Amino acid sequence: RGEARVTRRVSGVRLYGPAPHLAALRGRPLPLEDRLRGAVHLLAALYAPLPEASLGYLVSLSGFGLPHLRPELRAAFRQAVREELHAETVDGLRYVWPADGDVSAPATPRGVRIVGPFDPLVWDRRRFAHLHGWTYRLEAYTPAEKRQFGYYALPVFQAERAVGWANLRVEGGRVEGGELRADVTWVPGVRETGALRRGLEAELERYRRFLGLEG
């Protein structure tokens, strides 16, 4: 019923507490139509620009939180993509984003980054494949003999292009002065230039610091 939310974790175990936002909502409840519209627009703002089909999938997942309102939620989604969100078709794929969002001249990222499988850049596999020309999969639950990428492959970005993936592991254990090992695979057509190697090493050094492996 939304009365509780996760406040923190202890050794991986979720601890719950009262949901502090409910009192204000009960004091000034939003009309149902505004709540559903707000849910659709919140998802669009978090993940856009994204394919319309991907936004529809996110809306469907949200239906698990309010199963008694699934038809109304889908109606709010249809109205949003038809009348409220901005849309353009790229290579036959229809993208949507909030009407007040500016996607015309985003800042171009620099350097090399290794990101997680649930990063907003990666989570939408449909968009990832469309923009980068290859399909990424998380294979942690795939039998070892059937894996193509590895147990927990992390996509590697150079600037705004996904150029490969990396499997990272610590050998020797952190307490014993372990060492970070990186198995990196580049997608076909990617040339391992000096700039790419230097950027990758700088990113791995950030991981070492994060893991407490300096020196």
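User: What makes strand 6 and strand 7 a pair, and in which sense do they run?

Analyst: In this predicted model, strand 6 (residues 112-114) and strand 7 are joined over three bridges in the antiparallel sense. Two strands count as paired if there are at least two bridges between them, so the three bridges here satisfy that requirement. Within this pairing, Arg113 stands opposite Phe157 of strand 7.

User: How many bridges link strand 7 and strand 8, and what is found in the hairpin of these strands?

Analyst: Strand 7 and strand 8 (residues 161-171) pair over five bridges, in the antiparallel sense, and Leu154 has Ala166 in strand 8 as its bridge partner. The hairpin has two residues between the strands, and Ala159 takes a positive phi there, near 55°.

User: Why is strand 7 called mostly covered?

Analyst: Four of the five residues in strand 7 (residues 154-158) are buried, and buried means under 20% relative accessible area, so the description rests on those four.

User: Which residues of the largest nonpolar core touch the most other members, and what is Val156 in contact with?

Analyst: This core has 25 residues, of which Ile114, Phe128, Trp134, Val156 and Trp186 touch the most other members. Strand 6, strand 7, strand 8, strand 9 (179-186) and helix 7 (194-211) are the elements that give two or more residues to the core. Leaving aside neighbours within four places in sequence, Val156 is in contact with residues including Val112, Ile114, Val163, Trp165 and Trp186.

User: How do you know that Arg127, Phe128 and His132 are on the same side of helix 6?

Analyst: These three residues are buried in helix 6 (residues 125-132), and they cover an arc of only 105° around the axis, which puts them on the same side of the helix. The buried residues of helix 6 pack against several elements, among them helix 2 (32-47), helix 5 (120-123), strand 7 and strand 8.

User: What makes Asp124 a cap of helix 6, and which residue follows the helix?

Analyst: A side-chain oxygen of Asp124 lies 3.2 Å from the backbone nitrogen of Arg126, at the N-terminal end of helix 6; a polar contact requires N or O atoms within 3.5 Å, so the distance of 3.2 Å meets that cut-off. Helix 6 is followed by Gly133, whose phi is positive, near 80°.

User: Why do strand 3 and strand 4 stand at the edges of their sheet?

Analyst: The open sheet is formed by three strands in the order 3-5-4, with antiparallel pairing. Strand 3 and strand 4 (86-90) each have a single partner strand, so one side of each is left without a neighbour in the sheet. Strand 3 pairs with strand 5 over two bridges, and Pro51 has Tyr95 in strand 5 as its bridge partner.

Conventions: Residues numbered from 1 in each chain as written. Predicted model: local features only at pLDDT ≥ 70, side-chain atom pairs only at ≥ 80, totals over all residues. Heavy atoms only, no water. Buried < 20%, exposed > 50% of the residue type's maximum accessible area, 1.4 Å probe, protein only. Core = buried A, V, L, I, M, F, W, Y, C linked by side-chain atoms within 4.5 Å. Contact = heavy atoms within 4.5 Å. Arc of directions from axis to C-beta. Polar contact = N/O pair within 3.5 Å; in protein donor to acceptor, adjacent residues only side chain to side chain.
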